[in-house]
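Here is a friendly walk through a predicted model, written for someone who likes to see the geometry behind each statement. Please keep the viewer open as you read.

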Amino acid sequence: MVAEWQAVLQRLRARVGEHSYKAWVEPIRCARDEHGFRLEVSSAFFKEWVLRHFLSDIRVELRELTGSEPELRVVVVEGEAPPPAVAEARPDRQPPSRKRATGSAGALRIGHLMEHYTFERFVVGPSNELAYRAACAVADGSERAYNPLFLWGGVGLGKTHLISAVAHRFLGRAERRRIAFLNAEEFMNQMIAALRQDQMKAFRERFRELDLLIVDDVEFLAGKERTQEEFFHTFDALFTAGKQVVLTSDKPPQAIPHLAQRLRSRFEGGLNADIRPPTAETRLAIVRRKAEDRHVELSDAVARLIVERSGPSVRELEGALTRALAWAELSNMPLDEASVAALLGHVTRAPGRVSIAQVVAAASTYFNIPIDELRAHGRERAVAEARQVAMFLCRTLCETPYAGIASEFNGRDHSTVVYAVRTVEKRRAKDARLDVTINALERSLREAAARRAA
Ligand code: ADP
Ligand code: MG
């Protein structure tokens, strides 16, 4: 472990209290590279939480320890890939569970088919109704034309939940059915392992014997030619044999870059159904349902508050609920409006001053781009977009005129900042995720300023 981090941990433990420390600080992994400190967390929600509640403390401690302004980035690192999952249906048994391995040769464990991702637990609303109905039809085997079923939509909107539900229901049917449930990356890893061990024949047979193939996150195939080729043949073999394929992606087939034309046209050939961010009403229904699943009673006001104070994805909504429940339990406090409002952040106080350097440092951390690059003239898209967001935040938070901001970004002209602000405003109106990002950054900068002012 990075030595400074060890020391920071000790100090933070005293500063933030044991519960917060265990829940939020201890799980952070810290690494150091040429750009400074890299804090790794396991989810977008976690990241937002760390940015909002701990980043300024971490910064202060690191500054004290190292004697200079630390460059800090918080990055989301997905957990370790779950084991591959190919299962054989056992109609006479319980639904598959994490613990039980299926017995037959060639059939692997169900590694990551989440038990509670069922149709019954999925809240249906206008944003996901088409996807839901299509998934049900496919799972019941009542619709042959939906092949492949291609579900697409933003992160955390329920794609994995729905396809897991398909798998559960399919496995629950009376006939003996062979299914595979894995994500595209696992498909690639299995293929690579087979190539290395000279076992491609077995690999192909395993996949081509299936009754149902479910592959999550196929956008991962972008640019992976060898994997695409293998996947194409697997797909074709199953399709030709009349077997069902279900796929998900964060974008529609035509928007996946570097995807072979023949795969794209296969993906487009069945039913494409998108899942959009849920409406406020659906979000409320989801919060209520999730609370119910955990046998917790939520007042209307608290449910509404959680809906208002969390990001647009269902995962964030669920995260906010989880934190609220965890907090209530740990602190032994009632889950009332005031405490949830305090917990989920609410900035009404007049903000203290935010400096341009602070905005740039926060943007650097959030977008994982070194400060120098943010201030420089590089045109790489991710950098240019992050820079525009930084300029936008400077404009909204720093009370500095355009020209003053421009000069902080390597002596640019004020019209660059004007343009950046307009561009971000337009993008933000259309892009819910950008909106969440900006809200998170604004909140964390304002709160840090308020703490400094206090
Ligand atoms: P995706 O695969 O699209 O990124 P997930 O399927 O992992 O999203 O969903 C994220 C979380 O949100 C999961 O815990 C899932 O149960 C929950 N979720 C998403 N949509 C719904 C819904 N309509 N009803 C109930 N839970 C949902
Ligand atoms: Mg998913």
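Strand 6 (residues 178-183) runs parallel to strand 7, and 5 bridges join the pair. Helices and strands here are DSSP runs (H or I with at least four residues for helices, E with at least two for strands), numbered from the N terminus, and two strands pair if DSSP finds at least two bridges between them. On its other listed pairing, strand 7 meets strand 8 (residues 244-249), again in the parallel sense, over 4 bridges. I214 is a handy landmark: its bridge partner is F181, and I214 also stands opposite V246 in strand 8.

How many of the 5 residues of strand 7 are buried? The count is 5 of the 5 for residues 212-216, so strand 7 is largely enclosed by the rest of the structure. Buried means under 20% relative accessible area, exposed means over 50%, and partly exposed lies in between (1.4 Å probe, protein chains only). In a regular strand the side chains alternate between the two faces of the sheet. In strand 7, L212, I214 and D216 point one way while L213 and V215 point the other way, and all are buried.

F181 belongs to strand 6, and its relative accessibility of 3% is why F181 counts as buried. From F181 to D216 the chain covers 35 residues, yet their C-alpha atoms are separated by 7.8 Å.

Strand 9 (residues 271-275) tells another story about its faces. L271, A273 and I275 point to one face and are buried, whereas N272 and D274 point to the other and are not. Strand 9 runs parallel to strand 5 (residues 149-153), joined by 5 bridges, and within this pairing L151 has A273 as its bridge partner. Just before this, P148 sits in the loop between helix 5 (129-140) and strand 5. The peptide bond that joins N147 and P148 is cis, with omega about -5 degrees.

Now to the ligand. Which residues are closest to ligand 1? They are V123, G156, T160, H161 and E318, out of 18 residues that surround ligand 1; a residue is near a molecule if one of its heavy atoms lies within 4 Å of it. Sorted by class, this shell holds 7 nonpolar, 6 polar and 5 charged residues. For that sorting, Ala, Val, Leu, Ile, Met, Phe, Trp, Tyr, Cys and Pro count as nonpolar, Asp, Glu, Lys and Arg as charged, and the others, Gly among them, as polar.

Helix 6 (159-172), helix 11 (280-293) and helix 13 (314-331) each supply at least two residues of the shell. Domain 2 (87-275) and domain 3 (280-347) each give the shell at least three residues, with bounds that come from an automatic or database domain assignment.

The table lists polar contacts to ligand 1, that is, pairs of N or O atoms within 3.5 Å.

| Residue | Atom on the protein side | Distance to an oxygen atom of ligand 1 |
|---|---|---|
| Y117 | polar side-chain atom | 3.2 Å |
| L157 | backbone N or O atom | 3.2 Å |
| T160 | polar side-chain atom | 2.7 Å |

On its own, ligand 1 has 560 Å² of accessible area, and the protein covers 95% of it; such areas come from the Shrake-Rupley method with a 1.4 Å probe.

A few residues elsewhere deserve a look too. H295 lies in the loop between helix 11 and helix 12 (300-308). Its phi is near 60 degrees, a positive value in a residue other than glycine, and H295 is exposed, with a relative accessible area of 75%. N368, in the loop between helix 15 (356-367) and helix 16 (371-375), also is not a glycine and has a positive phi of about 65 degrees. Is N368 buried or exposed? N368 is partly exposed, at 29% relative accessible area.

I28 is found in the loop between helix 2 (18-25) and strand 1 (29-33), and at 2% relative accessibility I28 counts as buried. H414 lies in helix 19 (residues 414-430) and counts as partly exposed at 41% relative accessibility.

Residues are numbered from 1 along each chain as its sequence is written, while chains are lettered from A and ligands numbered from 1 in the order in which they are written. In this predicted model, local features need pLDDT of at least 70, side-chain atom pairs count only at pLDDT 80 or more, and totals for chains, interfaces and linings use all residues, while side-chain values use heavy atoms, with hydrogens and water left out.

Conventions: A polar contact is a pair of N or O atoms within 3.5 Å; within protein, one must be able to donate a hydrogen and the other to accept it, and residues adjacent in sequence count only if both atoms are side-chain atoms.
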